[in-house]
Amino acid sequence: FFRPLYIGDLLSTLLSKKMSLTIETELGNIVLKLRPDSAPKTVEYIVNCVKAGLYDGRCFYRSDFVIQCGLHGSDVQHSFGNLTVNETHSGVKLSNTRGTASVAHWDVPDCGNTEFFINLKANVHLDQAYGGYCVFANVEDGDQASFTVVDAVAAAVKGGRKVLIRS
């Protein structure tokens, strides 16, 4: 899937303050700016999942108002458990607007997991629904290449295709 989210060694990237994550898909790359100012524990959780290779060989499988990926439907075992804190309403408040990435969770807000989605449009209702869906990253304004890939992934998945994240 993600080339461990194409980190070029994600830890080094984080430490150098670039704070970005590149998702390499078969349709091109999506660069996400990580937002530890908004959701430090969520960013740390996702980074640890990436470093452990949990997204390798996974795919985007959902496309309606978001594109979603993660371990849904897999038998991949990991030791990270679920997030125990929903950081939607702490730190810098970020809304679920086009290009933001948020952690998916069940109807209980403090149980986020390896599933995350990228918003295809403004979905501000997700800021409050079920306790809110925590934004942990975003495609930067002006990154037309990443938005083009996001839209291509959405179109492909909507057409019945799963889009592989390259490892």
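This section describes the fold, the confidence and two residues, Thr100 and Tyr130, of a predicted model.

Residues are numbered from 1 along each chain as its sequence is written. Because the model is predicted, local features need pLDDT of at least 70 and side-chain atom pairs count only at pLDDT 80 or more, whereas totals for chains, interfaces and linings use all residues; side-chain values use heavy atoms, with hydrogens and water left out.

The protein contains three helices and nine strands, taken as DSSP runs numbered from the N terminus (helices: H or I, at least four residues; strands: E, at least two). Along the sequence these elements follow the pattern α-β-β-α-β-β-β-β-β-β-α-β. Of the 167 residues, 50% are buried, that is, under 20% relative accessible area with a 1.4 Å probe and protein chains only; exposed is over 50%, and partly exposed lies in between. The accessible surface is about 7,800 Å², and carbon and sulfur atoms contribute 52% of this area, as computed by the Shrake-Rupley method with a 1.4 Å probe, where for residues only the protein chains shown count as cover. Among contacts (heavy atoms within 4.5 Å) with a separation of 6 or more, 70% join residues 24 or more positions apart.

The mean pLDDT (the predictor's confidence in each residue, from 0 to 100) is 85, and 87% of the residues score at least 70. Among the elements, helix α3 (residues 144-158) has the highest mean pLDDT, 97, and helix α1 (residues 10-15) the lowest, 44. Over residues 1-16 the pLDDT is below 50, although this stretch has 49 contacts in the model beyond near neighbours in sequence. Where pLDDT is low, the predicted coordinates should not be read in detail.

Thr100 belongs to strand β6 (residues 100-103) and is buried, with a relative accessible area of 6%. The side chain of Thr100 makes a polar contact with the side chain of Asn119 at 2.8 Å; such a contact is a pair of N or O atoms within 3.5 Å, in which, within protein, one must be able to donate a hydrogen and the other to accept it, and residues adjacent in sequence count only if both atoms are side-chain atoms. A polar atom of the Thr100 side chain also lies 2.7 Å from the backbone oxygen of Thr97. Apart from neighbours within four places in sequence, Thr100 is in contact with Ser95, Phe117, Ile118, Asn119, Val135, Ala137 and Asn138.

Tyr130 is located in the loop between β7 (116-119) and β8 (135-138). The phi of Tyr130 is positive, near 50 degrees. Most residues other than glycine have a negative phi. Tyr130 is partly exposed, with a relative accessible area of 47%.
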